[in-house]
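Student: Could you take me through one part of this structure slowly? I would like to look closely at the surroundings of a ligand and then at a few other places.

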Amino acid sequence: MSAYRHIRIPTTGEKVSVRNGQVHVPDQPILGYVEGDGIGPDITRACLRIWDAAVEKAYGGKRKIHWCEVYLGEKAAGLYDGNYCPDETIKALADLVVSIKGPLTTPVGGGFRSLNVALRQDLDLYACVRPVRHYAGVPSPLKNPGKVDVVIFRENTEDVYTGIEYKAGSPENEKLARFLREEMKARFFDGAGLGVKPISSFGSKRLVRKAIQYAIDNGRESVTLVHKGNIMKFTEGAFRNWGYEVAREEFGAVTITEEQLYAEYKGKQPEGKIVIKDRIADIMFQMMLLRPEEFDVLATMNLNGDYLSDAIAAEVGGVGIAPGANIGDHVAVFEATHGTAPKYANQNKVNPGSLLFSGVMMLEYLGWKEAADLITLVYPEVVSDGIVTYDFARQIDGATEVGTSQFADALIERIRGGVDLEAKRKAQQEQLARERKQREIRRLLQPMEEMLDSGRVPQTVADLMTRSLITCTDDETVESAMHLMTDSDVSSLVVEPNARGEWGILTRRDIVAKIVRGGRNPATTKVRDVATRPVVSVPAETSIREAASKIADSSFSRLTVAQGSKLIGIVTETDIFNAVDKFGWAGDVV
Ligand SMILES: NC(=O)C1=CN([C@@H]2O[C@H](COP(=O)(O)OP(=O)(O)OC[C@H]3O[C@@H](n4cnc5c(N)ncnc54)[C@H](OP(=O)(O)O)[C@@H]3O)[C@@H](O)[C@H]2O)C=CC1
Ligand SMILES: O=C(O)CCC(=O)C(=O)O
Ligand SMILES: [Mg+2]
């Protein structure tokens, strides 16, 4: 007999289980689904058909999902005497391990607490994972939407989701206000609503840990910690610091910081290392519009991630297509990122894309990549043929607007028709490799422009220096060295080490002073006779201010930059001038 009041666990299929800390997926798993409110039933009906068709096509009946409906929101209230979030639903979602849900209504400014938040907290689904990428044919306001390909890891249990807030005028509010004013000397207007924003090391670290692990498992390039730590130092700033800490302490062998990328690796990302960087939250919105290709995996706290995920989704087709998942240590509930759009409920009108791709994430979580890829690969073909729901139709001239279920029919027809998965995957990987190379070349050849665009601020000489050193040898003539300077458009050459291992430098100034003024013939004078040796060299981590004072105290206008015994670049007074001109100078900040 079922232990549940309304939930019926299918008698066919097997439950997903967790064994030795691993999710074990049988070939015939029982998975949960929640229809959701508003447009939920329309999109769920359509998606169940598409997922089943993809699994059938990929595995020819060997694998099959046995669906188990569980209830939340309005449908639950109808069945469970007005209870929108029955205990047995939470129990079933934990028991089934993997489920997918449609959107649920949350009243604004009062009424019951968000069911989505309750679910995430009750099941401790601490990572809200939202990949956002562009599919060919999907309308976008960007010139190059293909450059958007990020996965947002948004913390799902802390920050505003703790819901610790006190209504203005309530006794609790007044008590807290008194404490803050009298004990903590805090100042704020009378009658303010008060909220608390807890950010813990535990919560931040487990989220960033998951983001880094995802980057490792999926061959991603970087993880960016997004925060407003310049203003909220002990919550947002702490999130950033704990993020770097977890990277250093638990993933030290496979991660480097952005500073290390430039200082130690000259901007060339070493094989097998993921770059950990951070950006302030407000500028992230601009950067994701202007330079989306700079970002890969993003790790955010709750509220920043909520805003950012809808904003980035809008760059590549909107919330109608952006998928999501709520994942804990093992239990996962996949879900559409948009809401219930009540004005479109039961009209067979809206885009099922968000729920559909949440299901693709679910198939990937099960390890059923072939079925997931089938959907991902046929989707752009259908959209490129102009068969789209209303939201895309209004942005594509000449498109054929279809309803939710007709869009599903078109996809299913393509899926059944078959796709050359291998060829498409290969083309995708080649494209990714090309884009990665282009980014690397820019980091190497135009470091200052790259820094300006990506929002980094130079801190050390390694951030400013010219990395491609043009060298000559002692035995060359000054004339040939002069030609090399002209051809390479540089004002100095680094002279290869002499027998004592000392590097030298030959500058245009040396030539004016020692050849022209000295009345010597450049065609017969050797570089060793006019070069300066040994060179004035500073370590790569020297601050810009220290470098400036070294130049000011010497008769040289440039310094070579060393890493151990190796010269890795040259920084000139012009580089320092340009950096201050472009980035500004905050006085004593080094
Ligand atoms: N995870 C969840 O369950 C979530 C639930 N909600 C809840 O949903 C309710 C409504 O929220 P609201 O702020 O209006 O946001 P919605 O996401 O429900 O709708 C806003 C607009 O987004 C567009 N849209 C949403 N879904 C689709 C889709 N599938 N296809 C095409 N376009 C779509 C529509 O734009 P247009 O008008 O331009 O056609 C719609 O009017 C609230 O109760 C809210 O709390 C909100 C977010 C997430
Ligand atoms: O629970 C809600 O109503 C809102 C949830 C939300 O905005 C989100 O999941 O991004
Ligand atoms: Mg949201």
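Student: How do the residues of the shell around ligand 1 divide into nonpolar, polar and charged?

Tutor: Happy to help! First, this is a predicted model, in which local features need pLDDT of at least 70, side-chain atom pairs count only at pLDDT 80 or more, and totals for chains, interfaces and linings use all residues. Residues are numbered from 1 along each chain as its sequence is written, while chains are lettered from A and ligands numbered from 1 in the order in which they are written.

Now to your shell: around ligand 1 there are six nonpolar, nine polar and two charged residues. Here Ala, Val, Leu, Ile, Met, Phe, Trp, Tyr, Cys and Pro count as nonpolar, Asp, Glu, Lys and Arg as charged, and the others, Gly among them, as polar. A residue is near a molecule if its C-beta atom, placed from the backbone, lies within 6 Å of it. Of the 17 residues around ligand 1, those that come nearest are Thr 106, Gly 320, His 338, Gly 339 and Asn 351.

Thr 106 also belongs to the surroundings of ligand 2, together with Ser 114, Asn 116, Val 117, Asp 306 and Thr 337. That shell holds one nonpolar, four polar and one charged residue.

Let us move on to helix 9, residues 281–290. Helices (H or I, at least four residues) and strands (E, at least two) are DSSP runs, numbered from the N terminus. In helix 9, Ala 281, Met 284 and Met 288 are buried, where buried means that 20 or more other C-beta atoms lie within 10 Å of the residue's own, exposed means 12 or fewer, and partly exposed is in between, with C-beta atoms placed from the backbone. Seen down the axis of helix 9, the buried residues fall within an arc of 30 degrees (taken from the directions from the helix axis to the C-beta atoms), so they line one face of the helix. On the other side of helix 9, Ile 283, Gln 286 and Leu 290 are exposed.

Finally, look at Leu 356 in helix 11, residues 353–366. Leu 356 is buried, because 24 other C-beta atoms lie within 10 Å. Leaving aside neighbours within four places in sequence, Leu 356 is in contact with Cys 47, Ile 50 and Ile 375; contact means that two C-beta atoms, placed from the backbone, lie within 7 Å. Leu 356 and Ile 43 are 313 residues apart in sequence, yet 8.2 Å apart in space, C-alpha to C-alpha.
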